[in-house]
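Visitor: Please take a close look at one part of this model, the pairing between two neighbouring strands, and then set that part in its surroundings.

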Amino acid sequence: TDVGQVSFGGEVQAFPDSEKVLEIPGVANLEREIVAKYADGLFVTALRVTLLDGSGAVLNLGQARLHIRDSGL
């Protein structure tokens, strides 16, 4: 997953190479590449947007799930 840059209020911001969180002060936290591993697979969220307006709203964008099962053979 990759987010190139974000434009807010005419100002362009980009994720630093080594960071997974970009904060737009007073507006939102953007968190990329969230991976949850389980015994039988994994769940990936490409981008999580957490609004900082006091609402507690969280938006998960680009989600994928991999579930591996025994074939029974």
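Guide: Val49 has Leu59 as its bridge partner in β6. The model is predicted, and that pairing is a suitable place to start reading it. A second pair in the register is Thr45, which stands opposite Gln63 in β6. Taken as a whole, the contact between β5 and β6 is antiparallel and runs over nine bridges. The two strands form a hairpin with six residues between them, where Gly54 adopts a positive phi near 90°.

The hairpin belongs to a wider arrangement. β5 and β6 are part of an open sheet of four strands, ordered β3-β4-β5-β6 and paired in the antiparallel sense. The edges of the sheet are β3 and β6 (58-67), each of which pairs on one side only. From one strand to the next, the twist averages 15°.

Val49 also leads to the packing of side chains. Together with Leu47, Val49 belongs to the largest nonpolar core, an eight-residue set that also takes in Val6, Phe15, Leu22, Ile24, Ala28 and Leu30. At least two residues of this core come from each of β3 (21-24), β4 (28-38) and β5 (41-51). As a general matter, nonpolar side chains in soluble globular proteins tend to be buried together.

Next, the charged contact. The structure holds one salt bridge. The side chains that meet in it are those of Lys20 and Glu33, at 2.9 Å from N to O. Lys20 is in the loop between β2 (11-13) and β3, while Glu33 is in strand β4, so the pair ties together parts that are 13 residues apart in sequence. Lys20 counts as partly exposed because its relative accessibility is 41%, between the limits of 20% and 50%. Glu33 falls in the partly exposed class as well, with a relative accessible area of 29%.

Glu33 deserves a second look for its backbone. Although Glu33 is not a glycine, its phi is positive, at about 55°. The residue with this phi lies within strand β4. Glu33 thus brings together a salt bridge to Lys20 and a positive phi, whereas the positive phi in the hairpin of β5 and β6 belongs to Gly54.

To return to the starting point: Val49 pairs with Leu59 across to β6, and Val49 is also one of the residues of the largest nonpolar core.

Conventions:
Residues are numbered from 1 along each chain as its sequence is written. This is a predicted model: local features need pLDDT of at least 70, side-chain atom pairs count only at pLDDT 80 or more; totals for chains, interfaces and linings use all residues. Side-chain values use heavy atoms; hydrogens and water are left out. A nonpolar core is a set of buried Ala, Val, Leu, Ile, Met, Phe, Trp, Tyr and Cys residues joined through side-chain atoms within 4.5 Å. Buried means under 20% relative accessible area, exposed over 50%, partly exposed in between (1.4 Å probe, protein chains only). Two strands pair if DSSP finds at least two bridges between them. Axes are lines fitted to C-alpha atoms, for helices over the stretch in contact, and angles run from 0 to 180 degrees between N-to-C directions. A salt bridge is a side-chain nitrogen of Lys or Arg within 4 Å of a carboxyl oxygen of Asp or Glu.
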